[in-house]
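Work through these exercises with the model open beside you. Try each task before reading its solution.

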Amino acid sequence: MDEQLSKQEQRRLEYVAAERTRSRKQFVRRFMKWALIIVLAVGVVGYFIWFVANQPVPAEADIISRNGMHWHPHLRIAIKGKEEVIPPGIGLGAVHDPMHTHDPDGIIHLEYGQGMRVTKDDTRLGRFFEIWGKQFTKECIFDSCTGGEGTMKMMVNGKENTEFEHYAMQDNDKIEIIYE
Ligand SMILES: [Zn+2]
Ligand SMILES: [Zn+2]
């Protein structure tokens, strides 16, 4: 025989059942939230470890100095027989780049302070043009490109050089970029 429940008892049972469902849903939501936080945290930490582990370590051969240096290569740019002035103050903004110019004399200063590690990339000629904000590749100097009205040529200490923007400058170099 079926047990007859009073209206009041029935409502109470319904209420208890609803409460149970609600707290179960709340538990699942909380669990999901924490699971998500943990997954994200693990992801961030994992990415950080991966990032640090993948930082390029300069090869021994690419390290020029471990204790700074002060070099003065000289740069000359001639386009169609016209000497281009290399302005003073390149690289000397709010933040001083170790690669900079002081005077309009074509001297590039490579001033790396004591204790600074200097790699070949820090002396790359192309880097100077990146700081300057001008185009320089094996094809082009400024807006003058091979195939247009002339041809690019680079000389280092009187000898033709085909490294162009990849050339790692040396102290007292005489670098000439000629377009004619
Ligand atoms: Zn300086
Ligand atoms: Zn200097």
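**Exercise 1. Classify I79 as buried, partly exposed or exposed.**

Solution. Count the neighbours: I79 has 13 or more but fewer than 20 C-beta atoms around it, since the count inside 10 Å is 18. A buried residue needs 20 or more such neighbours, and an exposed one has 12 or fewer. I79 therefore counts as partly exposed. This is a predicted model, so every value here is computed from predicted coordinates.

**Exercise 2. Place I79 in the chain and list its contacts beyond four places in sequence.**

Solution. Start with the element: I79 belongs to strand 3, residues 74-79. Next, leave aside the neighbours within four places in sequence. The contacts that remain are E84, I141, F142, S144 and Y179. Now take a residue from further along. H102 is 23 residues away from I79 along the chain, and their C-alpha atoms are separated by 23 Å.

**Exercise 3. Find which residues touch the most other members of the largest nonpolar core.**

Solution. The largest nonpolar core has 17 residues. Within this core, L75, I77, I108 and I141 touch the most other members. Then ask which elements supply the core. Strand 3, helix 2 (125-132), strand 10 and strand 12 each give at least two residues. Strand 12 gives the most, with 3 residues. Finally, look at I141 itself. Setting aside residues up to four places away in sequence, I141 touches I77, I79, F136, M152, I177 and Y179. As a general rule, nonpolar side chains tend to be buried together in soluble globular proteins.

**Exercise 4. Work out the strand order of the open sheet of 3 strands, and say which strands stand at the edges.**

Solution. The order is 2-6-5, and the pairing is antiparallel. Strand 2 (69-71) and strand 5 (99-100) each have a single partner strand, so they stand at the edges, with one side of each left without a neighbour in the sheet. Now check the pairs one by one.

- Strand 2 and strand 6 (residues 109-112) are joined by 3 bridges.
- M69 has Y112 in strand 6 as its bridge partner.
- H70 has E111 in strand 6 as its bridge partner.
- Strand 5 and strand 6 run antiparallel and are joined by 2 bridges.
- H100 stands opposite H109 in strand 6.

**Exercise 5. Compare the span of helix 1 with the expected value, and say how many of its residues are buried.**

Solution. Helix 1 covers residues 7-53, which is 47 residues. From its first C-alpha to its last, helix 1 reaches 68 Å. At 1.5 Å a residue, 69 Å is expected, and the span is close to that. Then turn to burial. The count of buried residues in helix 1 is 0, and the helix is hardly covered.

**Exercise 6. Describe the layout of the whole protein chain.**

Solution. Begin with the elements: the protein chain has 2 helices and 12 strands. Along the sequence, their pattern is α-β-β-β-β-β-β-β-α-β-β-β-β-β. Next come the domains. The domain assignment gives domain 1 (1-55) and domain 2 (61-179). Their C-alpha centres lie 62 Å apart.

Now take the overall dimensions. The C-alpha trace spans about 115 × 45 × 30 Å along its principal axes. The radius of gyration is 34 Å, whereas a compact globule of 180 residues would have one near 16 Å. Burial comes next: 13% of the 180 residues count as buried. Last, consider contacts between residues at least 6 apart in sequence. Of these, 59% join residues at least 24 apart.

**Exercise 7. Locate N157 and F164, and give the sign of phi for each.**

Solution. Recall the general rule: most residues other than glycine have a negative phi. Then take the two residues in turn.

- N157 is not a glycine, yet its phi is positive, at about 50 degrees. N157 lies in the loop between strand 10 (152-156) and strand 11 (159-160). N157 has 13 C-beta neighbours inside 10 Å, so it counts as partly exposed.
- F164 also has a positive phi, near 45 degrees, and is not a glycine. F164 sits in the loop between strand 11 and strand 12 (174-179). With 18 C-beta neighbours inside 10 Å, F164 counts as partly exposed.

Note on methods: Residues are numbered from 1 along each chain as its sequence is written. Chains are lettered from A and ligands numbered from 1 in the order in which they are written. This is a predicted model: local features need pLDDT of at least 70, side-chain atom pairs count only at pLDDT 80 or more; totals for chains, interfaces and linings use all residues. Domain bounds come from an automatic or database domain assignment. Helices (H or I, at least four residues) and strands (E, at least two) are DSSP runs, numbered from the N terminus. The expected span of a helix is 1.5 Å times one less than its number of residues. Two strands pair if DSSP finds at least two bridges between them. The radius of gyration is taken over C-alpha atoms; the globule rule is 2.2 Å times the number of residues to the power 0.38. Two residues are in contact if their C-beta atoms, placed from the backbone, lie within 7 Å. A nonpolar core is a set of buried Ala, Val, Leu, Ile, Met, Phe, Trp, Tyr and Cys residues joined through C-beta atoms within 7 Å.
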